[in-house]
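Student: I have a fold open on my screen and I'd like to learn how to read it properly. Can we go through it feature by feature?

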Amino acid sequence: AYLQAGNIAVKETDNSKKKEAIEVYAEVTPNPSAMKFGTNKSLTATDVEYKNIEEASKSSPLAQALFGFSFVKGVFISENYISITKFDVVEWNDVYAEVRNFISTYLQDNKTIIKELPKTESTPKKTKEEATTDGLDGTPGKIIAILDEYIRPAVASDGGNIAFKSYDEESKVVSVILQGACSGCPSSTITLKNGIETMLKEMLPNEISEVVAING
(Lines give C-alpha, C1' and ligand atoms only; values in the text may rest on other atoms or scores of the structure.)
Protein backbone atom coordinates (compact mmCIF):
# COMPACT_ATOMS: atom_id res chain seq x y z
CA ALA A 1 0.00 0.00 0.00
CA TYR A 2 1.48 3.29 -1.05
CA LEU A 3 1.66 5.86 1.72
CA GLN A 4 1.92 8.72 -0.72
CA ALA A 5 1.90 9.24 -4.44
CA GLY A 6 5.61 9.88 -4.29
CA ASN A 7 8.21 12.57 -4.45
CA ILE A 8 9.30 13.73 -7.87
CA ALA A 9 12.83 15.04 -8.20
CA VAL A 10 13.80 16.74 -11.44
CA LYS A 11 17.34 16.63 -12.76
CA GLU A 12 18.62 18.70 -15.68
CA THR A 13 21.34 17.06 -17.72
CA ASP A 14 24.53 18.83 -18.71
CA ASN A 15 24.16 18.16 -22.43
CA SER A 16 20.57 19.20 -23.04
CA LYS A 17 17.59 21.00 -21.63
CA LYS A 18 15.67 17.75 -21.25
CA LYS A 19 14.78 16.88 -17.70
CA GLU A 20 14.75 13.43 -16.16
CA ALA A 21 12.14 12.82 -13.49
CA ILE A 22 13.22 10.58 -10.63
CA GLU A 23 10.35 9.20 -8.62
CA VAL A 24 10.73 7.78 -5.13
CA TYR A 25 7.77 6.25 -3.31
CA ALA A 26 7.39 4.70 0.12
CA GLU A 27 5.56 1.39 0.50
CA VAL A 28 4.75 -0.59 3.62
CA THR A 29 5.89 -4.22 3.84
CA PRO A 30 4.70 -7.27 5.83
CA ASN A 31 7.57 -6.51 8.20
CA PRO A 32 6.51 -3.60 10.46
CA SER A 33 10.17 -2.72 11.05
CA ALA A 34 10.97 -2.40 7.34
CA MET A 35 9.82 -0.02 4.64
CA LYS A 36 10.38 -0.24 0.89
CA PHE A 37 11.44 2.86 -1.03
CA GLY A 38 10.90 2.21 -4.72
CA THR A 39 12.27 4.28 -7.58
CA ASN A 40 12.23 4.45 -11.37
CA LYS A 41 16.03 4.74 -11.37
CA SER A 42 18.28 1.69 -11.70
CA LEU A 43 20.27 1.32 -8.47
CA THR A 44 22.32 -1.89 -8.71
CA ALA A 45 22.68 -5.00 -10.84
CA THR A 46 23.34 -7.18 -7.78
CA ASP A 47 21.43 -7.13 -4.50
CA VAL A 48 23.50 -5.88 -1.55
CA GLU A 49 22.72 -5.69 2.16
CA TYR A 50 24.36 -3.75 4.97
CA LYS A 51 23.87 -4.42 8.68
CA ASN A 52 25.78 -1.40 9.97
CA ILE A 53 27.55 1.77 8.90
CA GLU A 54 30.97 0.08 8.99
CA GLU A 55 29.90 -2.37 6.28
CA ALA A 56 28.32 0.40 4.25
CA SER A 57 31.37 2.66 4.45
CA LYS A 58 33.43 0.09 2.55
CA SER A 59 31.31 0.03 -0.59
CA SER A 60 28.12 2.11 -0.62
CA PRO A 61 28.06 5.87 -0.04
CA LEU A 62 24.25 5.82 -0.24
CA ALA A 63 23.87 3.15 2.45
CA GLN A 64 26.47 4.93 4.58
CA ALA A 65 24.47 8.16 4.30
CA LEU A 66 21.24 6.38 5.26
CA PHE A 67 22.88 5.08 8.42
CA GLY A 68 23.20 8.75 9.31
CA PHE A 69 19.61 8.46 10.46
CA SER A 70 19.93 7.20 14.04
CA PHE A 71 16.92 4.88 13.70
CA VAL A 72 18.25 2.97 10.67
CA LYS A 73 19.18 -0.61 11.55
CA GLY A 74 19.81 -2.13 8.12
CA VAL A 75 19.84 -1.20 4.42
CA PHE A 76 19.09 -3.52 1.49
CA ILE A 77 19.59 -2.18 -2.04
CA SER A 78 18.06 -3.99 -5.01
CA GLU A 79 17.59 -3.17 -8.68
CA ASN A 80 14.92 -0.50 -8.27
CA TYR A 81 14.21 -0.20 -4.57
CA ILE A 82 15.79 0.20 -1.15
CA SER A 83 14.45 -1.60 1.93
CA ILE A 84 15.31 0.04 5.21
CA THR A 85 14.89 -1.68 8.57
CA LYS A 86 14.53 0.56 11.60
CA PHE A 87 14.99 0.27 15.33
CA ASP A 88 11.81 0.49 17.39
CA VAL A 89 12.65 3.98 18.68
CA VAL A 90 10.47 5.62 16.01
CA GLU A 91 7.35 4.90 13.96
CA TRP A 92 7.55 4.87 10.19
CA ASN A 93 4.64 7.31 9.93
CA ASP A 94 6.83 9.91 11.64
CA VAL A 95 9.96 9.48 9.53
CA TYR A 96 9.21 7.88 6.15
CA ALA A 97 8.66 11.20 4.36
CA GLU A 98 12.03 12.52 5.53
CA VAL A 99 13.80 9.35 4.39
CA ARG A 100 11.98 9.38 1.05
CA ASN A 101 12.95 13.00 0.44
CA PHE A 102 16.55 12.25 1.39
CA ILE A 103 16.76 9.35 -1.10
CA SER A 104 15.10 11.44 -3.80
CA THR A 105 17.56 14.30 -3.37
CA TYR A 106 20.51 11.89 -3.28
CA LEU A 107 19.45 10.31 -6.58
CA GLN A 108 18.63 13.67 -8.12
CA ASP A 109 22.16 14.86 -7.35
CA ASN A 110 23.44 11.75 -9.14
CA LYS A 111 25.67 10.76 -6.24
CA THR A 112 27.40 7.38 -6.07
CA ILE A 113 25.12 4.56 -4.95
CA ILE A 114 27.61 1.68 -4.81
CA LYS A 115 31.29 2.14 -5.58
CA GLU A 116 32.10 -1.56 -5.31
CA LEU A 117 30.24 -4.72 -4.40
CA PRO A 118 30.85 -5.82 -0.80
CA LYS A 119 32.42 -9.16 -0.06
CA THR A 120 29.62 -11.38 1.19
CA GLU A 121 28.78 -15.01 1.72
CA SER A 122 25.44 -14.63 0.01
CA THR A 123 25.05 -15.87 -3.54
CA PRO A 124 24.41 -13.16 -6.17
CA LYS A 125 21.40 -13.46 -8.44
CA LYS A 126 21.88 -15.95 -11.23
CA THR A 127 19.87 -16.62 -14.35
CA LYS A 128 18.84 -20.17 -15.20
CA GLU A 129 21.78 -20.39 -17.58
CA GLU A 130 24.24 -19.10 -14.99
CA ALA A 131 22.85 -21.47 -12.39
CA THR A 132 24.33 -24.41 -14.27
CA THR A 133 27.78 -22.83 -14.25
CA ASP A 134 30.11 -22.10 -11.36
CA GLY A 135 29.74 -25.73 -10.31
CA LEU A 136 26.13 -25.15 -9.28
CA ASP A 137 24.49 -27.72 -11.46
CA GLY A 138 22.25 -30.60 -10.40
CA THR A 139 19.88 -29.92 -7.52
CA PRO A 140 21.51 -26.63 -6.39
CA GLY A 141 21.14 -25.27 -9.91
CA LYS A 142 17.49 -26.30 -10.02
CA ILE A 143 16.84 -24.67 -6.64
CA ILE A 144 18.41 -21.38 -7.77
CA ALA A 145 16.38 -21.43 -10.99
CA ILE A 146 13.13 -21.92 -9.02
CA LEU A 147 14.04 -19.17 -6.56
CA ASP A 148 14.84 -16.78 -9.41
CA GLU A 149 11.66 -17.47 -11.37
CA TYR A 150 9.00 -17.94 -8.69
CA ILE A 151 10.20 -16.74 -5.29
CA ARG A 152 12.32 -13.62 -5.76
CA PRO A 153 9.77 -11.64 -7.80
CA ALA A 154 7.11 -12.28 -5.13
CA VAL A 155 9.22 -11.29 -2.13
CA ALA A 156 10.77 -8.34 -4.01
CA SER A 157 7.30 -6.80 -4.25
CA ASP A 158 7.36 -6.73 -0.44
CA GLY A 159 10.86 -5.28 -0.27
CA GLY A 160 12.72 -8.49 0.50
CA ASN A 161 14.87 -11.19 -1.02
CA ILE A 162 15.55 -14.90 -0.55
CA ALA A 163 19.10 -15.85 -1.53
CA PHE A 164 20.32 -19.43 -1.96
CA LYS A 165 23.06 -20.36 0.51
CA SER A 166 23.65 -24.11 0.31
CA TYR A 167 22.20 -27.57 -0.30
CA ASP A 168 23.19 -30.64 1.72
CA GLU A 169 22.92 -33.69 -0.50
CA GLU A 170 22.86 -36.11 2.42
CA SER A 171 20.15 -34.45 4.53
CA LYS A 172 18.49 -32.74 1.52
CA VAL A 173 18.24 -29.53 3.54
CA VAL A 174 18.24 -26.22 1.67
CA SER A 175 19.68 -23.19 3.48
CA VAL A 176 18.66 -19.72 2.37
CA ILE A 177 19.47 -16.16 3.46
CA LEU A 178 16.63 -13.76 4.27
CA GLN A 179 17.42 -10.21 3.18
CA GLY A 180 15.77 -6.81 3.25
CA ALA A 181 12.22 -6.78 4.61
CA CYS A 182 12.24 -10.59 4.83
CA SER A 183 14.89 -10.54 7.56
CA GLY A 184 13.21 -10.48 10.94
CA CYS A 185 9.73 -10.35 9.41
CA PRO A 186 7.07 -12.03 11.62
CA SER A 187 5.59 -13.76 8.58
CA SER A 188 8.93 -14.98 7.20
CA THR A 189 8.58 -18.42 8.83
CA ILE A 190 5.20 -18.91 7.16
CA THR A 191 6.63 -17.80 3.82
CA LEU A 192 9.61 -20.09 4.27
CA LYS A 193 7.62 -23.20 5.17
CA ASN A 194 4.26 -22.81 3.44
CA GLY A 195 5.66 -21.04 0.40
CA ILE A 196 9.24 -21.89 -0.47
CA GLU A 197 9.55 -25.31 1.15
CA THR A 198 6.22 -26.50 -0.23
CA MET A 199 7.04 -25.29 -3.74
CA LEU A 200 10.51 -26.86 -3.79
CA LYS A 201 9.15 -30.18 -2.53
CA GLU A 202 6.48 -30.18 -5.24
CA MET A 203 8.83 -29.16 -8.05
CA LEU A 204 11.77 -31.29 -6.90
CA PRO A 205 10.14 -34.43 -5.48
CA ASN A 206 12.34 -36.57 -3.21
CA GLU A 207 15.15 -34.00 -3.43
CA ILE A 208 14.10 -31.62 -0.63
CA SER A 209 13.49 -32.48 3.01
CA GLU A 210 13.47 -29.02 4.56
CA VAL A 211 14.22 -25.35 3.92
CA VAL A 212 15.88 -23.38 6.70
CA ALA A 213 16.98 -19.78 7.06
CA ILE A 214 20.47 -19.13 8.35
CA ASN A 215 19.46 -15.67 9.54
CA GLY A 216 16.41 -13.43 9.90
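Tutor: Sure. Let's begin with burial: a residue is buried under 20% relative accessible area, exposed over 50%, and partly exposed in between, using a 1.4 Å probe and protein chains only. Before we apply that, note that this is a predicted model, where local features need pLDDT of at least 70, side-chain atom pairs count only at pLDDT 80 or more, and totals for chains, interfaces and linings use all residues. Residues are numbered from 1 along each chain as its sequence is written, and side-chain values use heavy atoms, with hydrogens and water left out.

Student: Okay, is Val-176 buried or exposed?

Tutor: With a relative accessible area of 1%, Val-176 is buried. This residue lies in strand E8. For the chain as a whole, 45% of the 216 residues count as buried.

Student: How do I read labels like E8?

Tutor: Helices (H or I, at least four residues) and strands (E, at least two) are DSSP runs, numbered from the N terminus. The protein chain here has six helices and nine strands.

Student: And how many residues of E8 are buried?

Tutor: Eight of the eight, so E8 is largely enclosed by the rest of the structure.

Student: What does Val-176 touch?

Tutor: Contact means heavy atoms within 4.5 Å. Setting aside neighbours within four places in sequence, Val-176 is in contact with Ile-162, Ala-163, Lys-165, Leu-192, Val-211, Val-212, Ala-213 and Ile-214. Try the sequence separation too: among contacts in the protein chain between residues at least 6 apart in sequence, 58% join residues at least 24 apart.

Student: Now the sheet. How do I tell which strands pair?

Tutor: Strands of a sheet pair through backbone hydrogen bonds, either parallel or antiparallel. The criterion used here is that DSSP finds at least two bridges between the two strands. Strand E7 (residues 160-168) and strand E8 (residues 173-180) run antiparallel and are joined by eight bridges. E8 and E9, on the other hand, pair in the parallel sense over four bridges.

Student: Which residues should I click on to see that?

Tutor: Start with Phe-164, whose bridge partner in E8 is Val-176. The C-alpha atoms of Val-176 and Phe-164 are separated by 4.6 Å, with the residues twelve apart along the chain. Then look at Gly-160, opposite Gly-180 in E8, and at Val-174, opposite Val-211 in E9.

Student: What links E7 to E8?

Tutor: They form a hairpin with four residues between them, and Lys-172 in the turn has a positive phi of about 60 degrees. Asn-206 has a positive phi too, about 70 degrees, although it is not a glycine. Asn-206 sits in the loop between H6 and E9, and at 70% relative accessibility it counts as exposed.

Student: So what is the order of the strands in the sheet?

Tutor: It is an open sheet of three strands, E7-E8-E9, with mixed pairing. E7 and strand E9 (210-213) are at the edges with a single partner strand each, so one side of each has no neighbour in the sheet. From one strand to the next, the twist averages 30 degrees.

Student: Which strands does H5 touch?

Tutor: H5 packs on the sheet, touching E7 and E8, and its direction makes about 165 degrees with that of E7. H6 packs on the sheet as well, touching E7, E8 and E9, at about 145 degrees to the direction of E9. For these angles, axes are lines fitted to C-alpha atoms, for helices over the stretch in contact, and values run from 0 to 180 degrees between N-to-C directions.

Student: How should I describe two helices against each other?

Tutor: Two packed helices are described by the angle between their axes and the distance between the axes. Helix H5 (residues 138-156) and helix H6 (residues 188-203) have axes that come within 11 Å and cross at roughly 125 degrees. The contact involves Ile-143, Ile-146, Leu-147, Tyr-150 and Ile-151 of H5, and Ile-196, Met-199, Leu-200 and Met-203 of H6.

Student: Anything to look at in H5 itself?

Tutor: Try Ile-143, which lies in helix H5. At 0% relative accessibility, Ile-143 counts as buried. Leaving aside neighbours within four places in sequence, Ile-143 is in contact with Phe-164, Tyr-167, Val-174, Leu-200, Leu-204 and Ile-208.
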